[in-house]
Each structure stands twice: as structure tokens, then as C-alpha cells.
Amino acid sequence: MPYRAGATTRQAQSAFSFVELMMVLAVIGIIGALAYPSYVDYIRKSKRTVAKSALLEVAARQEAYYFDNRQYTSDLTLLNYPSSPAEFGSNGQALSPGGGAVYTVAAQVDVSGCGGAPCFVLTATPQGDQAADTACGSYVLHSDGSRAPATAGCW
């Protein structure tokens, strides 16, 4: 019988064994177990931009309201939001009440708090799955532009 390259006396198997299949599934499971928590954390971090943009939008409306009325308001319905506190979805847009909010924004007004001038404090509170973001929690914006908390890596 003449020699042929790659020929063996045993025919090549054309299927995976059960052990090989289980090893592949174990590797996929380990990779998934390591990647999923990182993915969830990344999603929580990306949704924090909803809070930032919502607070900046409400602050702009507060300033427009102050320009017209010479006072700030704690009632966000006066700023053309459907509810007070206002709810914001994952796209950063205001929602009607009960619409699956990612953050709610509430306003407080202090008539004499900022050196005798009126001022406001806006607070974005996480809702739903975002409430599990205990490392950063709520985000606060003052009318003078200061923000809290100043936690590194959060806001």
C-alpha cells in the first residue's frame, strides 16, 4: 500500500465527544459569569448621564421661570413637566407619571439661602434597577452650579 500524506489507519472522527462539549460549555459559563457583572455596572454608569442631563434641563427651565416670575418654583408642573417630581426615562426624556423612570427629579426652593438671594436645589433620585447603584446614589445640583456628591468615578 503506497504512503499517503495525512492518512491514518483510523478514520477521523466527525463529531465532538461529550467531554469536549462540556468543556466548551464550562468555558463559556465562566466567561459569562465574569462578564455579566461588568456589563451591568457599565449600564448603570451610562444611565447616570440621564440624571445629569435631566438636572441641567430642569435648571434651565428654573432660570426661565425665574426670569418671568422673579422666583423659583418647587412645583415642576409649573415648568411644564407632567408631574412633580418629574420622571425621566433611559433616553433622558421626561416621562408621564409611572412610565418606568430611571431617575426622578425634585426641586426645593430656598428663598433666603444663597446669601440673601433666592436659590434652588435639584435632586435626581435613582429609580427601578438604577436604585441598585448604591455606590453613587442621588445626584444634587444647586442653583450656583455646585454639585454633590463629589464621589470619584460617580458623577
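In which helix is the place of Phe 18? I looked this up first in the model, which is a predicted one. Phe 18 lies in helix α1, a run that covers residues 18-69.

**Entry 1: overall layout**

I listed the secondary structure of the protein chain and found one helix and six strands. Read from the N terminus, the order of the elements is α-β-β-β-β-β-β. I then looked up burial: 27% of the 155 residues of the protein chain count as buried. The accessible surface of the chain comes to about 10200 Å², and carbon and sulfur atoms hold 58% of that surface. I also checked contacts with a separation of 6 or more; of these, 38% join residues 24 or more positions apart.

**Entry 2: the nonpolar patch**

I returned to Phe 18 and asked for its accessibility. Phe 18 counts as exposed because its relative accessibility is 60%, and the cut-off for that class is over 50%. Phe 18 is also one of the residues of a nonpolar surface patch of about 590 Å². The other residues that I recorded for this patch are Leu 21, Met 22, Val 24, Leu 25 and Ile 28.

**Entry 3: salt bridges**

How many salt bridges does a search of the whole structure find? I noted two.

One salt bridge joins Lys 45 and Asp 41, with 3.5 Å between the closest N and O atoms. These two residues are four apart in helix α1, so about one helical turn separates Lys 45 from Asp 41. I looked up the exposure of both partners. Lys 45 has 43% relative accessibility and therefore counts as partly exposed. Asp 41, with a relative accessible area of 33%, is partly exposed as well.

The other salt bridge joins Glu 57 and Arg 61, and here the closest N and O atoms are 3.2 Å apart. Glu 57 and Arg 61 are likewise four residues apart in helix α1, which means a separation of about one helical turn. I recorded 27% relative accessibility for Glu 57, so Glu 57 counts as partly exposed. Arg 61 is partly exposed too, at a relative accessible area of 30%.

**Entry 4: the nonpolar core**

Which members of the largest nonpolar core touch the most other members? Of its 22 residues, I noted Val 58, Phe 88, Val 105 and Leu 122. At least two residues of this core come from each of α1, β1 (86-88), β3 (103-114), β4 (117-126) and β5 (139-142). The element that gives the most is α1, with seven residues.

I followed Val 58 further, leaving aside its neighbours within four places in sequence. Val 58 is in contact with Leu 76, Leu 79, Tyr 81, Phe 88, Val 105 and Leu 122. Phe 88, Val 105 and Leu 122 had already appeared in my note on the core.

**Entry 5: strand pairing**

In which sense do β4 and β5 pair? I recorded an antiparallel pairing over four bridges. Within it, Ala 124 has Tyr 139 of β5 as its bridge partner.

I then looked up β5 and strand β6 (residues 147-148), which pair in the antiparallel sense over two bridges. The bridge partner of Val 140 in β6 is Ala 148. The hairpin of β5 and β6 has four residues between the strands. In this hairpin I noted that Gly 145 takes a positive phi near 95°.

Note on methods: Residues numbered from 1 in each chain as written. Predicted model: local features only at pLDDT ≥ 70, side-chain atom pairs only at ≥ 80, totals over all residues. Heavy atoms only, no water. Patch = residues over 30% accessible without salt bridge, like charges linked within 9 Å, V, L, I, M, F, W, Y side chains within 5 Å. Areas by Shrake-Rupley, 256 points an atom, 1.4 Å probe, with all protein chains shown as cover. Salt bridge = Lys/Arg side-chain N within 4 Å of Asp/Glu carboxyl O. Buried < 20%, exposed > 50% of the residue type's maximum accessible area, 1.4 Å probe, protein only. Core = buried A, V, L, I, M, F, W, Y, C linked by side-chain atoms within 4.5 Å. Contact = heavy atoms within 4.5 Å. Pairing = 2+ DSSP bridges.
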